[in-house]
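Q: I would like a close look at one part of this model. Please keep it brisk and build outward from there.

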Amino acid sequence: MKPPRGVLKPGEEGKVCHLLKGLYGLKQAGRGWYQEMSKVFMKDLGFTCSAVDHSVFFRRSDEEHTIVAVATDDMAVTSKRMEDTIKFKSEIKQYWDITDNGPIQWFLGFEIKRNRAARTISINQHAYIAAMVDKFKLTNA
């Protein structure tokens, strides 16, 4: 990667540039984002990082138990009380622009269906399986 024109003066052609901020698409961009996001979650918002999975954060008190699963820049938020998820969304908006897609339907290629009347949640990978069958030309197998 070459530095932008004008950054290095004549005679400095062999020097290395240090990025102050990770750019989207670089190998370390995900790491930089995780460090910033986890700092906000843990220091500013009072979340704890799960010891089992470092992409899961939770905040627990007498009234609240909010869990956030993160995959790069996608987040799935759950809590017993709707007001806790609303509170989390308003807090996170202070740091980043967010898009709220409403109740979860898809996450990381998984389809998620919730039947509130029956109090059930089902998760499947039909779309992924269909894509793999098509990819390997096994549709009629």
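What is the relative accessible area of V77, and which exposure class does that give it?

A: V77 has a relative accessible area of 28%, so this residue counts as partly exposed. The scale is simple: under 20% is buried, over 50% is exposed, and partly exposed lies in between, using a 1.4 Å probe and protein chains only.

A word on the ground rules. The model is predicted: local features need pLDDT of at least 70, side-chain atom pairs count only at pLDDT 80 or more, and totals for chains, interfaces and linings use all residues. Residues are numbered from 1 along each chain as its sequence is written, and side-chain values use heavy atoms, with hydrogens and water left out.

Now the neighbourhood. V77 sits in strand β4. Strands here are DSSP runs of E with at least two residues, while helices are runs of H or I with at least four; both are numbered from the N terminus. Leaving aside residues up to four places away in sequence, V77 touches T66, I67, V68, T85 and F88. A contact means heavy atoms within 4.5 Å. S61 is another reference point: 16 residues separate it from V77 in sequence, and 16 Å separate their C-alpha atoms in space.

Follow one of those contacts, V68. With the same four-place exclusion, V68 touches F41, F47, S55, V56, F57, M75, A76, V77 and F88. V68 also belongs to the largest nonpolar core, a group of twelve residues. Such a core is a set of buried Ala, Val, Leu, Ile, Met, Phe, Trp, Tyr and Cys residues joined through side-chain atoms within 4.5 Å. Its other members are M37, V40, F41, L45, F47, C49, F57, V70, F88, I92 and W96. Helix α1 (29-44), strand β3 (65-71) and helix α2 each supply at least two of them. The biggest share comes from α1, with three residues. In soluble globular proteins, nonpolar side chains tend to be buried together.

V77 has a second setting: the largest pocket. Of its 35 lining residues, M75, A76, V77, G102 and I104 lie nearest the centre. A pocket is an open set of points on a 1 Å grid over the protein atoms alone, where a 1.4 Å probe fits, with protein on both sides within 12 Å along at least five of seven lines; lining residues have an atom within 4 Å of a point. Two or more lining residues come from each of β4 (74-79), α2 (82-93), β5 (106-107), β6 (110-115) and β7 (120-124). The space in this pocket is about 1400 Å³. That volume is what probe spheres set on the points would fill, with points joined across faces, edges and corners. By class, the lining holds 18 nonpolar, seven polar and ten charged residues.

Step back to the chain. It has three helices and seven strands. Their order along the sequence is α-β-β-β-β-α-β-β-β-α. The C-alpha trace spans about 70 × 55 × 25 Å along its principal axes. Of the 141 residues, 20% are buried.

Two residues make a contrast with V77. R119, in the loop between β6 and β7, counts as exposed because its relative accessibility is 78%. K137, in the segment after α3 (126-135), is exposed too, at 71%. Neither is glycine, yet phi is positive in each: near 55° for R119 and near 50° for K137.

Notes
Ala, Val, Leu, Ile, Met, Phe, Trp, Tyr, Cys and Pro count as nonpolar, Asp, Glu, Lys and Arg as charged, and the others, Gly among them, as polar.
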